[in-house]
Amino acid sequence: LNHIDQNFYSVEGFVDYHELRKQLHVKVKNLADAIGKTTRSMERSPHTEGIQQGLRKIVYIISLLKEMLSSKEKKEWLIWLKSPHPEFNGLTPWEVIQKGDCDAVLGYLEDARKGSMT
């Protein structure tokens, strides 16, 4: 289970959006926007597949960052997520995620992990 950050999961195996929000230092609305859902739907039905799928992508991004940075320090992955990046036209990766383009950040990280930077 080294590839899974268990801190983000409940004992039932669901991503705990409260914990994710807390570690990202964002509001529930920001997290809901990032996965294309409303705050209300996330609070009422956090275990639905649509919500969980979006949350799992964000957790996967964080897991990739922790692996690639070879650090368990929250600060490094959080700094990367919230710092402007030239690959995203000066937006922070979190801003890109929050605009609903989680796949762009995920693709960038997977390419970097494979060593195929463009």
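A contact here means heavy atoms within 4.5 Å. Keep that in mind for the exercises below, which all use a predicted model.

**Exercise 1. Get a feel for the whole chain.**
Task: work out which elements the protein chain has and how its overall size compares with a compact globule.

Solution:
- Start with the elements: there are 7 helices and 0 strands. Reading along the sequence gives α-α-α-α-α-α-α.
- Next, the extent. The C-alpha trace spans about 40 × 30 × 25 Å along its principal axes.
- Now the comparison. A compact globule of 118 residues would have a radius of gyration near 13 Å, and the chain has 14 Å, so the two agree.
- Then look inside and outside. Buried residues account for 39% of the 118, while the accessible surface is about 7,000 Å², with 49% of it belonging to carbon and sulfur atoms.
- Finally, the contacts. Take those between residues at least 6 apart in sequence: 48% of them join residues at least 24 apart.

**Exercise 2. Check helix 4.**
Task: find out whether the end-to-end distance of helix 4 agrees or disagrees with its 20 residues.

Solution:
- Helix 4 covers residues 49-68.
- At 1.5 Å a residue, its 20 residues should span 28 Å, and the end C-alpha atoms are 28 Å apart, so the distance agrees.
- Which of its residues are buried? Among them are I51, L55, I58, I62 and L65, and the list also includes Q52, S63 and K66.
- After the helix comes S70, with a positive phi near 50°.

**Exercise 3. Follow the salt bridges.**
Task: say how many salt bridges there are, then describe three of them.

Solution:
- The count is 5. The background is simple: side chains of opposite charge can pair when their charged atoms come close.
- Take K22 and E19, whose closest N and O atoms are 3.5 Å apart. They sit 3 residues apart in helix 1 (residues 17-24), about one turn of the helix. In general, an α-helix has 3.6 residues a turn, so residues three or four places apart point the same way.
- Is each partner buried or partly exposed? K22 is partly exposed at 47% relative accessible area, but E19 counts as buried at 19%, because the cut-off for buried is under 20%.
- Move on to E49 and R56, with the closest N and O atoms 2.5 Å apart. R56 is partly exposed at 33%.
- Last, E67 pairs with R113 at 2.9 Å between the closest N and O atoms. E67 is in helix 4 and R113 in helix 7 (residues 102-114), so this bridge ties together parts 46 residues apart in sequence. Both ends are partly exposed: E67 at 43% and R113 at 44%.

**Exercise 4. Piece together the aromatic cluster.**
Task: which residues form the aromatic cluster, and how are their rings arranged?

Solution:
- There are 2 aromatic pairs.
- W80 and Y108 are stacked, with 6.2 Å centre to centre and 20° between the planes. W80 lies in helix 5 (residues 74-81) and Y108 in helix 7, so the pair ties together parts 28 residues apart in sequence. Both W80 and Y108 are buried.
- F88 and Y108 are edge-to-face, at 5.6 Å centre to centre and 70° between the planes. F88 is in the loop between helix 5 and helix 6 (93-98), 20 residues from Y108. F88 is buried, as is Y108.
- Put the pairs together, and W80, F88 and Y108 make one aromatic cluster.

Methods. Residues numbered from 1 in each chain as written. Predicted model: local features only at pLDDT ≥ 70, side-chain atom pairs only at ≥ 80, totals over all residues. Heavy atoms only, no water. Salt bridge = Lys/Arg side-chain N within 4 Å of Asp/Glu carboxyl O. Helix = DSSP H or I, 4+ residues; strand = E, 2+ residues; numbered from the N terminus. Buried < 20%, exposed > 50% of the residue type's maximum accessible area, 1.4 Å probe, protein only. Expected span 1.5 Å × (residues − 1). Rg over C-alpha atoms; globule rule 2.2 N^0.38 Å. Areas by Shrake-Rupley, 256 points an atom, 1.4 Å probe, with all protein chains shown as cover. Phe/Tyr/Trp six-rings, centres within 6.5 Å; stacked < 30°, edge-to-face > 60°.
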